[in-house]
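This report describes how the parts of one protein chain are arranged around its ligand. It takes up a helix pair, the two domains, the ligand shell and a sheet in turn.

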Amino acid sequence: MHTDTLIIGGGLAGLSLASRLTDLGQSFLLAEARDRLGGRISAVRHEGATYDMGPAWFWPGQQRIAKLISDLGLRRFAQYSRGDLMFENTQGQTQRGQGFSSMQGSYRLEGGLIRLIECLSESVPASHLRLSCAITALTKQGDTVTAQLHGGRTITAGRAVLALPPRLAAQITYAPALPNTSMEAMHQTATWMAGHAKAVAIYDRPFWREVGLSGNAMSRLGPLAEIHDASPAQGGPYALFGFLGVPPQARNDEHALRQHILSQLTRLFGSQAATPLSLSIKDWAIDPFTANAQDQQPLYAHPDYGLPATLCGLWDGKLIFGGTEVAQQFGGYLEGALEAAENALRLLTKPER
Ligand SMILES: Cc1cc2nc3c(=O)[nH]c(=O)nc-3n(C[C@H](O)[C@H](O)[C@H](O)COP(=O)(O)OP(=O)(O)OC[C@H]3O[C@@H](n4cnc5c(N)ncnc54)[C@H](O)[C@@H]3O)c2cc1C
């Protein structure tokens, strides 16, 4: 099978690039390792409502995502932030803080961010998408890049866009080998949020709102370090979500973890928190299509991202990096995924000299 452009990775970056190439009538294939599209964007559903298990927010000033949402006819809403915040100290003692929410001013998407993926995938012909299709090796011979798929099949292309975290791109075998400095840069680029995990507890009533709490909580004890309201834009079922504050090595016993999470939610929000309709946990650190061994130490500060010089122009420009971690301005974020896809598109459509 031959195509002009092989996009490797069907997260927001790869899929938005695929959508733009579709509009331009260009020849391409998108190979995605998982059996679903979206990458770090994923969701659980309950009674027809959707809850984000990966990213949830975008912010004012992020113009690409604002435009994409408007172009797709989707709607944003403000993160619920009315009411007081809860604090928990290292002893598990809780305290109510007045009228402050740490994510006030951020936006969420009606129907969850997975709507972006659903709408974008509808804009790309299914014949251009290959799911459960992990690329294990890339070989350049003359003007052709040959991609080896898990299982032995191949795709040949004029060029390849690596729309995935550089650390995962470093797991692909390259022939001819890439310079050591390029491989080192790929390993050194930490994947944003890859070491983290998220828990979502779904309830039939927003009992925290009913007593004037925003659902936002900060804890020094854990296991959740930071909690927010994750309810749909209108109606229920309602939800609280939290980021796990304990490192991946301390998250192995899921049964114990669930008990600790429910105890903590009860300390913070009262006895009704003890019996959710469901409690879902997504540990990104053990998902091999997001995290690798280097990500087992989660990042707590946002790194400076961008495309290192040593990753530019590889294989005579036939190897293009295009995931969020190589975006200069908004690297790591959803907006960065769109920025990186835009930069990749510019390289792909640049007139040949
Ligand atoms: C818990 C969590 C919370 C977050 N919160 C926010 C937030 O609130 N706001 C925000 O802006 N950002 C947030 N982020 C970051 C955001 O999710 C990312 O910026 C964005 O989704 C990255 O998109 P991407 O397409 O560049 O990469 P990815 O989504 O990682 O997509 C890469 C794709 O490549 C595929 N792949 C990997 N290896 C191969 C291979 N060998 N062959 C083929 N395919 C392969 C993967 O399966 C994946 O689908 C969060 C992330 C997480 C995990």
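Two residues are taken to be in contact if their C-beta atoms, placed from the backbone, lie within 7 Å. By that criterion, and in a model that is predicted, R64, I65 and L68 of helix α2 meet L334, E335, L338 and E339 of helix α9. Sorted by class, the contact of α2 with α9 holds four nonpolar and three charged residues and no polar ones. The axes of helix α2 (residues 63-71) and α9 are 8 Å apart and enclose an angle of about 85°. Since angles of 65 to 115 degrees count as roughly perpendicular, α2 and α9 are therefore roughly perpendicular to each other.

**Domains and ligand**

The domain assignment divides the protein chain into domain 1 (1-41 + 113-191 + 303-353) and domain 2 (49-111 + 193-301), and the centres of the two, taken over C-alpha atoms, are separated by 30 Å. Where the domains touch, 22 residues of domain 1 are in contact with 23 residues of domain 2. On the side of domain 1 that touches domain 2, α3 (114-122), α4 (166-169) and α9 each supply at least two residues.

Both domains give residues to the shell around the ligand, so the ligand lies between them. Of the 40 residues around the ligand, those that come nearest are G9, G11, G39, P55 and M193, while the elements giving two or more residues to this shell are α1 (12-23) and α9 (334-348). Helix α9 thus appears in the ligand shell as well as on the side of domain 1 that touches domain 2.

The table sets out the residue classes of these two groups.

| Group | Nonpolar | Polar | Charged |
|---|---|---|---|
| Shell around the ligand | 24 residues | twelve residues | four residues |
| Side of domain 1 touching domain 2 | 13 residues | three residues | six residues |

**The seven-stranded sheet**

Seven strands form an open sheet of mixed pairing, in the order β7-β6-β15-β16-β17-β14-β18. Strands β7 (94-97) and β18 (278-283) stand at the edges with a single partner strand each, so one side of each is left without a neighbour in the sheet. From one strand to the next the twist averages 20°. Within the sheet, β6 (residues 84-88) and β15 (residues 213-219) run parallel and are joined by four bridges, and D84 has L213 as its bridge partner in β15. Helix α7 (residues 254-269) packs on this sheet, touching β6, β7, β14 (197-203), β15, β16 (224-229), β17 (238-244) and β18, and the direction of α7 makes about 120° with that of β18.

Definitions and conventions: Residues numbered from 1 in each chain as written. Predicted model: local features only at pLDDT ≥ 70, side-chain atom pairs only at ≥ 80, totals over all residues. Near = placed C-beta within 6 Å. Nonpolar A, V, L, I, M, F, W, Y, C, P; charged D, E, K, R; others polar. Domains from an automatic or database assignment. Axes fitted to C-alpha atoms, helices over the stretch in contact; angles between N-to-C directions. Parallel < 35°, antiparallel > 145°, perpendicular 65-115°, else oblique. Pairing = 2+ DSSP bridges.
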